[in-house]
Structure formats: structure tokens, C-alpha cells
Amino acid sequence: MSEEFLSCPRCACKKFYSRGGEEKMFFFQINTDLWPVATDANLSDLSKTDFSPIHCTACSWKGEIQDLQAKG
């Protein structure tokens, strides 16, 4: 059973990034429990990453995890 991920409210993309207060970018998806899940391309430990704000990888949207919408 595959895990479901939340979508960008502007373009419905399911991949996001955060700068985590550093120069490095962290790529992830957000599951339906509002928990960041690292993408295959990102093997970083996300536990110390600041997720405020998050950015969509496909459009110019940025916001909070709570602003995301479930797949409809």
C-alpha cells in the first residue's frame, strides 16, 4: 500500500523544499499526518530542519505545512 501525500494548494505538486535556515535545500513530501517525508533524492535527516515556510518545487507557492490540501 503506497503512502498518500498532500498537494500544493496552487498547482497540486506533491514535492516541496525548505532551506532549513541554512544554504542547503531539503526536498520532501508531506504525508496526510502533516509529517515531512524525505524524497528518494534526499537522504538527509529532516529531524532538525525548520519547515517554516515550505516552498513548492513546481511553482512559486510558499507557506506552512498546514496550508496544504489533501488529494481530492
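Is Ser18 buried or exposed? In this predicted model, Ser18 is buried, with a relative accessible area of 1%. The residue belongs to strand 1, which spans residues 16–18. Beyond its neighbours within four places in sequence, Ser18 is in contact with Lys24, Met25, Phe26 and Phe28. Its other contacts of this kind are Thr49, Asp50, Phe51 and Pro53.

The largest nonpolar core contains 14 residues. Among them, Phe16, Phe28, Ile30, Ile54, Trp61 and Leu68 touch the most other members. Strand 2 (26–30) and strand 4 (54–56) each contribute at least two residues to this core. The largest share, three residues, comes from strand 2. In soluble globular proteins, nonpolar side chains tend to be buried together.

Leu68 illustrates the packing of this core. With neighbours within four places in sequence set aside, Leu68 is in contact with Phe16, Ile30, Ile54 and Trp61. Leu6, Ser7, Cys8 and Pro9 complete this set of contacts.

The cysteines were examined next. The structure holds zero disulfides. For Cys13, the closest cysteine sulfur is that of Cys56, at 4.2 Å. This separation is too far for a bond, because a disulfide requires sulfur atoms within 2.5 Å. For Cys59, the closest cysteine sulfur lies in Cys11, at 3.7 Å, which is also too far for a bond. The two residues Cys13 and Cys59 fall into separate exposure classes. Cys13 is buried, with a relative accessible area of 17%. Cys59 counts as partly exposed, at 24% relative accessibility. The boundary for burial is 20% relative accessible area, so Cys13 falls under it.

Technical notes: Residues are numbered from 1 along each chain as its sequence is written. This is a predicted model: local features need pLDDT of at least 70, side-chain atom pairs count only at pLDDT 80 or more; totals for chains, interfaces and linings use all residues. Side-chain values use heavy atoms; hydrogens and water are left out. A nonpolar core is a set of buried Ala, Val, Leu, Ile, Met, Phe, Trp, Tyr and Cys residues joined through side-chain atoms within 4.5 Å. Buried means under 20% relative accessible area, exposed over 50%, partly exposed in between (1.4 Å probe, protein chains only). Helices (H or I, at least four residues) and strands (E, at least two) are DSSP runs, numbered from the N terminus. Contact means heavy atoms within 4.5 Å.
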